[in-house]
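Trainee: I would like to go through the reasoning behind some of the labels used for this model, taking one label at a time. Could we set each value against its cut-off?

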Amino acid sequence: MNISIIVLMSFLSFNTLASVLIEKNILENIGAIHSLKFDNDQSVTVYLPDGYIGSSYRYPVMYVVDGERFFLHSIAYQKTLISESKTPPFIVVGINTKNIDRRELLDKKSVELIDTFQGQIIPYIDKTYRTNDMRMYFGWEMAGGFALELLAKQPTLFDAYFLASSTNFTQERLDNVDNLLKSKTPIGAFIYYTLGSVESWSLGSHKSLSDIFTHSTRKELNWKFQLSASDDHYTTPFDTFNKGLALYFHDYAPIRFYSLKEFDVFGGIPALKSHYKKRGEHYQVSTDIHGETKHYLLNQAINENNFPLFKQLVMEFNGFIESFNYSSGFIIKVGRFYSKNNDINAAISLYRSEILKHPDSVELQKELAKLNSI
């Protein structure tokens, strides 16, 4: 397929797009959208996450086949969860198939589409936008069957596959995946695929794929088949995006320990540092222990009245309490914990530091006055 990529629309600024959408009462603050035009009426739509403009961060990319149907799904996922640090931001590339014969494209012309992915679409996206090496693929129905062929023929092109209600898991495609896993060829390691239990026509082929994965000795392979009693052919994509992405990014969210025993079993500070080092290198973010993890550990030490560990954590997280945007209520909780354990000087120092930032805080002034009167 001789496809040349032409920029159809120059990038829309965040403010301009938001203004247009607000006026139409559709959606505000969605982010920057680019549209690229292919011949044969095929187009690609690109979403750049909040913060892209003006940053130097390099982003993962999710490629969504049938973008006219599912482009917004992965955007909604990250828009909801980024603020809670549950997922990293990522670029979304919608491969729109509305105005072409998608059945032919994903079957008889599948080899040409694979060549287009590898030779044109991905290189263009990587050249034009700040991407990292993490690539994800989403496909529904025939695009799920196409994904097996894509995996077998270009096993390192994508790191993760999210497949919903797939059709065309042909015997040839299943055999090619089986042969790939029996070889020593490097592969993309994560595959999450879903099916509604009512989709009896595809259940046999999905179980065959699961059998192939189950008997594979490839330790790097991470897969899950989700058979849903409540979903059908048209609702499985929601599960695939939400649960699939949550599973794939399971190591991104900040760790929270609900007891100090749990923290100890985890391996304490050394294990925590090791985890965040791997996380940072994998996602190209800070390798420091996440602020939320620090907070919850400090708070748990107070709740369990473990002052020695609390002091150890304060030293380990040097300056964290003072630099974090804590409420006066939590600062008073810390100060009283110091006082309870006869470390009056530490409590006074903390209150004075916070009063410099919040000179109008009556609560902090009262707590400091109590200690000064001792």
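Trainee: What makes Ser228 count as buried or exposed?

Mentor: Bear in mind first that this is a predicted model. The relative accessibility of Ser228 is 9%, and buried means under 20%, so Ser228 counts as buried. Ser228 belongs to strand S9, residues 222-228.

Trainee: Why is the pairing of the side chains of Ser228 and Asp231 called a polar contact?

Mentor: The two side chains are joined at 3.0 Å, and because the limit for such a pair of N or O atoms is 3.5 Å, the label applies.

Trainee: How do you know that the side chains of Lys79 and Asp50 meet in a salt bridge?

Mentor: The N to O distance is 2.8 Å, and a salt bridge requires a side-chain nitrogen of Lys or Arg within 4 Å of a carboxyl oxygen of Asp or Glu, so the pair qualifies. Lys79 sits in helix H2 (residues 67-81), whereas Asp50 is in the loop between strand S3 (43-48) and strand S4 (59-65), so the salt bridge ties together parts that are 29 residues apart in sequence. A search of the whole structure gives 16 salt bridges.

Trainee: What makes Lys153 and Glu149 about one helical turn apart?

Mentor: They are separated by about one turn because they are four residues apart in helix H5, and their side chains also meet in a salt bridge of 2.8 Å, N to O. Lys153, at 42% relative accessibility, counts as partly exposed, whereas Glu149, at 10%, falls under the 20% cut-off and therefore counts as buried.

Trainee: Why is Asp101 called partly exposed?

Mentor: Its relative accessible area is 47%, and because partly exposed covers what lies between buried, under 20%, and exposed, over 50%, Asp101 takes the middle label. Asp101 is placed in the loop between strand S5 (91-96) and helix H3 (102-105), and it gathers with Glu104, Asp107, Glu112 and Asp115 in a patch of negative charge on the surface.

Trainee: What is the phi of Glu141, and where is this residue placed?

Mentor: Phi is near 55°, a positive value in a residue other than glycine, and Glu141 is in the loop between strand S6 (131-140) and helix H5 (142-153). Most residues other than glycine have a negative phi. At 15% relative accessibility, under the 20% cut-off, Glu141 counts as buried, and a network of salt bridges links Glu141 with Asp66 and Arg102.

Methods. Residues are numbered from 1 along each chain as its sequence is written. This is a predicted model: local features need pLDDT of at least 70, side-chain atom pairs count only at pLDDT 80 or more; totals for chains, interfaces and linings use all residues. Side-chain values use heavy atoms; hydrogens and water are left out. Patches are made of residues with over 30% relative accessible area and no salt bridge: like charges are joined within 9 Å, nonpolar side chains (Val, Leu, Ile, Met, Phe, Trp, Tyr) within 5 Å. Accessible areas come from the Shrake-Rupley method with a 1.4 Å probe; for residues, only the protein chains shown count as cover. Lys and Arg count as positive and Asp and Glu as negative; His and the chain ends are not counted. The place of a charge is taken as NZ of Lys, CZ of Arg, CG of Asp or CD of Glu. Helices (H or I, at least four residues) and strands (E, at least two) are DSSP runs, numbered from the N terminus. Buried means under 20% relative accessible area, exposed over 50%, partly exposed in between (1.4 Å probe, protein chains only). A polar contact is a pair of N or O atoms within 3.5 Å; within protein, one must be able to donate a hydrogen and the other to accept it, and residues adjacent in sequence count only if both atoms are side-chain atoms.
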